[in-house]
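Subject: A structure for you to explore

Hi there,

Here is the structure I promised you. Have a look at it first, and then read on for what turned up in it.

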Protein chains: 2
Amino acid sequence: MKVLIIGGGGLVGQKLARSLAARGTLRGQAIDRLVLADIVDPAPVAAGFPVDTRLCDIADPASVAAAVDADVDVIYLLAAIVSAHAEEDLDAGLRTNLFGTLNVLQRCREIGTCPVLVFTSSIAVNGGDVPQPYSDYTALNPQTSYGAQKAMGELLVTDFSRRGLIDGRGFRLPTISVRPGKPNRAASGFMSSIFREPLQGETANCPVDPDFNHYYLSPRKCVENLVKAAELKAEDLGRNRCMVMPGRVWTIAQMIEAMTAVAGPEPATRITWNRQPELDPILKGWRMDVRAERAEALGLEADASFEDNIRYFLEDDVARG
Amino acid sequence: MKVLIIGGGGLVGQKLARSLAARGTLRGQAIDRLVLADIVDPAPVAAGFPVDTRLCDIADPASVAAAVDADVDVIYLLAAIVSAHAEEDLDAGLRTNLFGTLNVLQRCREIGTCPVLVFTSSIAVNGGDVPQPYSDYTALNPQTSYGAQKAMGELLVTDFSRRGLIDGRGFRLPTISVRPGKPNRAASGFMSSIFREPLQGETANCPVDPDFNHYYLSPRKCVENLVKAAELKAEDLGRNRCMVMPGRVWTIAQMIEAMTAVAGPEPATRITWNRQPELDPILKGWRMDVRAERAEALGLEADASFEDNIRYFLEDDVARG
């Protein structure tokens, strides 16, 4: 069993790699090789099997061919240009999110073994003038270029699966919080930084009101769901390979209360509240009343409480250093 | 007012060109030039203003740049690789239906004048395991590569419109019947030929059962709707620029009765009934209980009866020769 993580240098890719290293198996088989590919050289991960790291720009078909070995069994396609970046630079988003996804799928077709491919889409595919709640059968109506490109990726994953060229499954990731590390270029960056920084003694700004609500998942649960995603049977997926990953809707106020319940009152005092109206066009285009019924029926799970998200961050990231 | 029809050599493009020639105006302005572009040189159309014909392969950005003049006001993007062809040849479909659409949108962006762009999608975007009826808010779940590529085109049209690069509007065309001329490579070809050929003294085969139902529109109403589509105001379109074009659901049996009501009993006897199970994977993936509420509210219309479709064919195509 050979596993490839494209985007293996990112937050989710690295945590997924460590989880696979700890498990040692996937789809009931021993993992005998893991490849981490990314646009910048991914950090190596210790495992009981060989782990390679490779440079890969998915926008370049030759780079994809070099990164995707013909004997790969499971591919995670996590690489993307995120929301604010794709909004600033339409061509960069199209190159990576649309053509890059297609390049990976075309490489799978070339290999000819119908590998399992787990694609990460985003709740940014939801938005605009569409009735809520969002079920698995609601029209996608993205109000960002990132969302539009992810929705196109979903269509490709389903079509290539229908044609038997891949065994694809795509999941619309909730906003991941609490993310460790540095902020990325996602408009949702503050949804982690207002916990991450205060929990480590620093200040952070919240650019929205306390009643702003959104759909969240912890990195730990996200990785657990991605492992399950690879293990789902093709016949359980039906004729649309893409769906929402379970998450939970919380307001900023609820999340801060959860931080206080876990870590005491001090961190919340380190949050500043300067509105950033330039983020509104992206943030107000999102729709957050999401029902992940298909994924829940397939065994994927949300966090039980936001206290859990805070605890997972302290255990998995702060304690780990 | 300069109008460009990409796909101007096809059935709908030619009828649209003749309609624009007869009207002489669009969006309240006199048309002073019409350009017909297609992959094979389009037939010229007589009009009270100059009509150019041009070769254009939308899969080639240079060809698109040469066909789309910087002073164009309204573009109709009708060109496509149709269902059975795109299913046979995935790359040809991606080249024309996905990259070709993107090439035209990128050319509009380069021009920088935010031209009106009318995009023809297809009811082939519907399908699979999705509850019916299909409203304007139901998830697209195409079960053909053609449908997947058209759904991606819709996402691009909405995103480029949101960014102010085009003033786009897209309509999912019902199956057009009765189509004049030669069959094309669409799996739905028989839905015209079983009327067109018998009404002109020839035999034609129906490969499905009489109770097979589908969603139809006459060429005449389709062209009327495409003219209205260009004239809609951007502010009436909202945050999803694409929707179903009104049509009507008929069974094969109802349509044959309509032919008999208009043209007597003789034509129906010229239909043969040899099933073609090789078409089933495409035909059975379609879902036909479609509600075109948004387009109807905007003033677009279906045919009143299938007798009308038969009469329009006799008036517009057979009598015209």
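Please keep in mind that this is a predicted model. A good place to start is a right-handed β-α-β unit in chain A, made by strand 7, helix 5 and strand 8. Helix 5 covers residues 145-162, while strand 7 spans residues 116-122 and strand 8 spans residues 167-173.

Strand 8 of chain A has a partner on either hand. It pairs with strand 7 of chain A in the parallel sense, over 7 bridges, and Val118(A) is the residue opposite Arg169(A) there. Strand 8 also runs parallel to strand 12 of chain A (residues 242-244), joined to it by 3 bridges; here Gly170(A) faces Cys242(A).

Is strand 8 of chain A covered on one face or on both faces? Both faces are covered: Asp167(A), Arg169(A), Phe171(A) and Leu173(A) are buried on one side, and Gly168(A), Gly170(A) and Arg172(A) are buried on the other. In a regular strand, side chains alternate between the two faces of the sheet.

Now zoom out to the sheet that these strands belong to. It is an open sheet of 7 strands in chain A, with parallel pairing and the order 5-4-1-6-7-8-12. Strand 5 (51-55) and strand 12 of chain A stand at the edges with a single partner strand each, so one side of each has no neighbour in the sheet. On average, neighbouring strands are turned by 20 degrees against each other, direction ignored. At one edge, 5 bridges join strand 5 of chain A to strand 4 of chain A (residues 33-38), and the two run parallel. One pair to find there is Ala37(A) with its bridge partner Arg54(A). Helix 5 of chain A packs on the sheet and touches strands 7, 8 and 12 of chain A, with its direction at about 155 degrees to that of strand 7.

Finally, look at how the two chains go together. Chain A superposes on chain B by a rotation of 180 degrees with 0.0 Å of shift along the axis (RMSD 0.0 Å). The two copies are thus related as by a two-fold rotation axis. Both copies use the same surface, as 100% of the contact residues of chain A recur in chain B. In chain A, the residue closest to the axis is Ala139(A), with its C-alpha at 1.8 Å.

Which element gives the largest share of the side of chain A that touches chain B? That is helix 5 of chain A, with 8 residues. By class, this side of chain A has 10 nonpolar, 8 polar and 5 charged residues.

Enjoy exploring!

Best wishes

Definitions and conventions:
Residues numbered from 1 in each chain as written. Chains lettered and ligands numbered in written order. Predicted model: local features only at pLDDT ≥ 70, side-chain atom pairs only at ≥ 80, totals over all residues. Buried ≥ 20, exposed ≤ 12 C-beta atoms within 10 Å, placed from the backbone. Helix = DSSP H or I, 4+ residues; strand = E, 2+ residues; numbered from the N terminus. Pairing = 2+ DSSP bridges. Right-handed = clockwise from strand over helix to strand, strands pointing away. Least-squares fit on C-alpha atoms with pLDDT ≥ 70 in both. Contact = placed C-beta atoms within 7 Å. Nonpolar A, V, L, I, M, F, W, Y, C, P; charged D, E, K, R; others polar. Axes fitted to C-alpha atoms, helices over the stretch in contact; angles between N-to-C directions.
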